[in-house]
Amino acid sequence: MRPLVAMLAAALLVAGAACGSDSKKDESKATAFADDPTPITGISPLPNYPVTAQRSDGKTLTVAQAPKRIISLSPGATEIIFALGAEKSLVAVDKYSDFPEGAKNFPEKVDAFEPNIEAIAALKPDLVIVASDTAGLVAKLDELKVPVYYADIDKDIRTFNDVFGQIRLLGQITDTDAKALDLIKSLSERVNKIEVSMQALPSQAAPNVYHELDSTYYSASDNTFVGDIYRILKLKNIAGDGGGVEYPQLTQEAIIAANPRIIVLADEAFGVTIESVKARPGWGAITAVQNNKIFAIDPNIISRPGPRIVDALEQLAKDVYPQRFE
Amino acid sequence: MQLARPRSARRPAAATGDPALVTWSNLAPTYALAALATLAVALFAISWGTVHIAPPTTLGILAGHLPFVSTGEHSATADAIIWQVRAPRVVLAGLVGATLAFSGAAYQGVFRNPLAEPYLLGVASGAAVGATLILISPMLVAAWVFSPLPPAAFAGALIAVAAAYTLARVNRRVATTSLILSGVAVSSVCTSLVTYLMLMYNTRTLAILNWILGGFNTASWEKVAIGAPYMIVAGALILPYARLLNVMQLDEDEARQLGVNVERVKLIILALASLATAAAVAVSGLIGFVGLVVPHTVRMIWGPDYRRVLPLSGFVGAAFLILADVVARSIDPGYEVPIGVVTALVGTPFFLYLLRRQSRPAFGAA
């Protein structure tokens, strides 16, 4: 009997360990790149370290303990870190990290697009967060053995859930997991509220929308988080799949022919105004122009994978459906 | 029969392009034919697009915008697409193509150098500096209505050429070699400046790059109105110098002996060609290839007589850029492909084919 019990116990232990490691693996995967946010909110905070994260270049980052000298080269990540109250672990941010106030006035700024490797290395960071790999930055930092977390803003952060995944991961990395879960919970509740309200709208009533990124008609395709906003708001994005391009340039006549009922301008900061759009030759034939359904949105809140993406969703919900969302 | 003899003697001369024996009136049918062909290409391009609008409707809408013609009611969307979007787009592409090719031919004639092209003296990079300064400026100026972008690019182009000219001027004389070198130098300085500004203001990098790549997606009648006067007037003023350019190809001394102030003529042609190119760049960005290769193509097909090369370069350049733009907006309907990519990818193989096929030297006064 005894050997049998021992064997059984051993088998159970092994199975248990296997289960444990399985669930842990699944869990870490879910936090970083989940398609569905619901499992995230249900999971209680775990002892985090080591935290592993898949990078956009296919490599894996392992963080053994909470970093104390983070350089954020991603304005979105900067906003998340501030929202988690983990800004004390930042040693520098990139010069486009201008929100919140603390990031705007951050004493140490580096350039994310022409990054000076020496300047970055001199700050002795224990983690660098990168959103786009310009000029082989990631490889150079790897060579210098500087830990890099690289989640490509165009390729790997395309939905609200991806943004929530970023929040969860940065929470785990900076040892503010509980706070990250709270933040995700409140953000997804706000998103949920809009989604529920939108369920009442029949999909055939969905207006089409043209999202403008600049005055030469660059737009955002369905496969971006801008596209995700329009999916939630049941708006048909005229840029479609962008011909496989995340941010395609549309032909002017295609915009006029699509006859969008809503136009959203994310380029007001560059001088495009509602008035100037109305004055464009030929645009008078567009329903959105005739009905004054042109809305401007702060490009910083709609183009950054940070907590304020939900602000963008709420603002557009109010703009597009004023009766529904007061 | 006696009358027929000189005519038949003249015909081979016209065919080989011996400048001495061809008169302007001989060339009239060639011009007319080229103009008709270009017009046909333009009409085709206006009736071709992402949105299918039947050619009769297209022609009806176009005719309806002529004075004193009424062709009935058309849908507002079709009218906007044909008249406000496609027509100015095609006309602007035609004007820019004509200007770049015409100016390229003029530059090649003045410098007697096969690599001469209208951007040689810094027009393009100077314009890029002007446009970049506007694009990064904190003033809210990107709106295309009364945009300061074309005037700034125009000013930048003219300043760059003036700088190149001034730098090359030694002892009140400007040698063409010095002019080429100072043009290259000014271009490099401008290009580095643009690169630096792009990196400094990297939220505007895409906008700057987009402007530099050039294209006609934002074409409007306003842009046509801004650019056309310079392009047309400069072309009309250069054309009478075609004979002189022919003589200068053979022997500048001979031209001098004929009492021609060669240096002055060169300066006038370069100034006019630069002015026209600056206007073209200001409304369309930097579109390569056309100004270099179209004149060579024309020369290979119709011979080196500048009374042919100049106007035919204009027509062929117009038709070529109009068609390149059709390709740019048709590869992936609804989305744009940069036109510079098209001009190079479509044009280069054709040019190489011509270069290999023909026995006549690619450049020179036959």
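## A walk through chains A and B

Chain B has 15 helices and two strands. Keep in mind as you look around that this is a predicted model. Of the 366 residues in chain B, 49% count as buried. What about contacts along this chain? Take the ones between residues at least 6 apart in sequence: 76% of them join residues at least 24 apart.

Now let's turn to the place where chain B touches chain A. Chain B puts 30 residues into the contact, and chain A puts in 29. Which elements of chain B should you look for here? Two helices, α4 (76-111) and α8 (205-213) of chain B, are the elements that give two or more residues to the side touching chain A. Of these, α4(B) provides the largest share of that side, with seven residues. If you sort this side of chain B by class, you get 15 nonpolar, 11 polar and four charged residues.

Next, hop over to chain A and find its sheet. Five strands of chain A form an open sheet, and reading across it gives the order β5-β4-β3-β6-β7, with parallel pairing. At the edges sit β5 (109-110) and β7 (148-150) of chain A, each of which pairs on one side only. Further in, you can pick out β3 (residues 70-72) of chain A and β6 (residues 127-130) of chain A, which pair in the parallel sense over three bridges. Want one pair of residues to look for there? Ile71(A) has Val128(A) in β6(A) as its bridge partner.

Chain A also has a pair of packed helices to visit. They are α9 (residues 225-232) and α14 (residues 309-320) of chain A, and they pack at an angle of about 40°, with their axes 10 Å apart. Why call this pair oblique? Angles under 35 degrees would count as roughly parallel and those from 65 to 115 as roughly perpendicular, so α9(A) is oblique to α14(A). As for handedness, the crossing of α9(A) and α14(A) is right-handed.

Which residues meet where these two helices come together? From α9(A) come Phe225(A), Ile229(A) and Ile232(A), and they meet Ile309(A), Ala312(A), Leu313(A) and Leu316(A) of α14(A). Sorted by class, this contact of α9(A) with α14(A) has seven nonpolar residues, with no polar and no charged ones. Set that beside the side of chain B that touches chain A, where there are 15 nonpolar residues along with 11 polar and four charged ones.

Definitions and conventions:
Residues are numbered from 1 along each chain as its sequence is written. Chains are lettered from A and ligands numbered from 1 in the order in which they are written. This is a predicted model: local features need pLDDT of at least 70, side-chain atom pairs count only at pLDDT 80 or more; totals for chains, interfaces and linings use all residues. Axes are lines fitted to C-alpha atoms, for helices over the stretch in contact, and angles run from 0 to 180 degrees between N-to-C directions. Helices (H or I, at least four residues) and strands (E, at least two) are DSSP runs, numbered from the N terminus. Angles under 35 degrees count as roughly parallel, over 145 as roughly antiparallel, 65 to 115 as roughly perpendicular and the rest as oblique. A crossing is left-handed if the near helix is turned anticlockwise from the far one by less than a right angle, and right-handed if clockwise. Two residues are in contact if their C-beta atoms, placed from the backbone, lie within 7 Å. Ala, Val, Leu, Ile, Met, Phe, Trp, Tyr, Cys and Pro count as nonpolar, Asp, Glu, Lys and Arg as charged, and the others, Gly among them, as polar. Two strands pair if DSSP finds at least two bridges between them. A residue is buried if 20 or more other C-beta atoms lie within 10 Å of its own, exposed if 12 or fewer, and partly exposed in between; C-beta atoms are placed from the backbone.
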